[in-house]
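User: Could you take a close look at one part of this model for me? I am new to this, so please explain the terms as you go.

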Amino acid sequence: MKKGKEKPKMVSLFSGCGGLDLGFETAGFDIVWANDFDSDAQAVYRLNIGEIDGRDILSVGEEDIPDCDILTAGFPCQPFSNAGNRKGVHDSRGMLYKECLRIIEKKMPKVIVFENVKGLLSTKYIDGRKLVDVIVEDLSNMNGMGYNVDYKLINASDYGVPQNRQRVLFIGIRKDLNIDFVFPKKMDKKGLTVGDILNIPDDVPNQVDWPLSPQAMEMIEYIPEGGSWKDVPYEHLAPRFRKIRDNMKKYHSPNFYRRFARNEICGTMTASAQPENCGIVHPVENRRFTIREVARIQTFPDDFIFIDDNMKNITAMYKVIGNAVPVKMANAIATAIKEQIFEGEPNQ
């Protein structure tokens with residue numbers, strides 16, 4: 001009998017709880033090795049996808065990693081994030097992409113996928129060059145063969161995700177394959193509003209929320225659907241918010257405590273799950289979105305479980321979901337890669 005086509009083998013670095021990996025797996029990739037240092041992310045990954053190496057990537061030897069057709073990496077984005085301190089490469093985490101290069105140089109997979117935040121585009125390398133240019137150059141010249149690299153700022157809502165989440169994707173294709181990657185076309189945004197994702201059946205697990213502080217509760221009572229902290233009467237603002245309200249120009253008119261309406265697409269979910277950082281407040285109820293609601297905003301399926309019903313560390317679950325790559329966005333990219341690079345190959 002003719003041997004069937006094998007699935008392309010994938011190595012996943014900085015895998016998190018598995019959003020990107022699930023998207024690639026459902027597109028037909030075989031995850032042969034995954035790694036993440038965060039114990040909460042590991043627990044969720046093992047519960048839903050499979051085994052994951054929990055070592056610090058700095059201590060993982062290239063010989064410990066199997067050969068692969070594609071290598072993906074969502075290396076830490078906090079050093080480049082507009083929501084953080086923007087230390088970039090001066091933050092030790094900001095140089096972890098070099099660990100990816102170390103492994104790529106030994107494995108030379110056919111395809112490389114890097115995912116990161118928009119802030120990376122404006123980050124400078126230690127020698128003053130743009131970091132994106134350094135990454136492209138490093139990959140282009142690798143091992144005398146190198147990769148054709150294309151990068152693009154995309155919005156997750158263009159790929160079936162009910163969230164306006166901008167991310168930079170680097171796609172590198174080994175030069176000997178002579179293929180230029182084309183990013184998939186944008187999809188229709190119908191069915192992506194906050195209201196569209198809130199119809200969750202009662203039997204779906206992890207419908208618990210992290211209670212807001214008394215100060216936050218007092219404020220959100222005055223925020224209408226579709227509003228923000230700017231709707232809160234001055235006398236009901238905490239002192240630190242009054243200070244900002246007194247000089248909005250100085251603080252660049254921040255839009256804290258955004259309560260997205262049911263007819264809007266939600267904003268970016270962050271790992272902190274704080275109303276100052278993202279639109280985590282339910283449109284009509286005075287609470288945070290539940291773990292399951294946030295998971296839906298990140299397009300995790302309802303059968304993807306976040307630990308157990310006891311939810312021993314609920315804040316950790318918001319963290320790992322907020323850090324994840326939206327599953328449907330990952331699937332759209334994975335499908336395009338599979339069709340353009342692997343579908344035309346002979347049986348392996």
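Analyst: Alanine 273 is buried, with a relative accessible area of 1%; buried means under 20% relative accessible area, exposed over 50% and partly exposed in between, using a 1.4 Å probe and protein chains only. This alanine 273 sits in the loop between α7 (239-246) and α8 (291-297). Helices here are DSSP runs of H or I with at least four residues, strands are runs of E with at least two, and both are numbered from the N terminus. The backbone deserves a look too: alanine 273 has a positive phi of about 55° although it is not a glycine. Most residues other than glycine have a negative phi.

Please keep in mind that this is a predicted model, where local features need pLDDT of at least 70, side-chain atom pairs count only at pLDDT 80 or more, and totals for chains, interfaces and linings use all residues. Residues are numbered from 1 along each chain as its sequence is written, and side-chain values use heavy atoms, leaving out hydrogens and water.

Phenylalanine 14 makes a good companion case. For phenylalanine 14, a residue other than glycine, phi is again positive, near 50°. Its place is in the loop between β1 (9-13) and α1. Phenylalanine 14 is also buried, with a relative accessible area of 14%.
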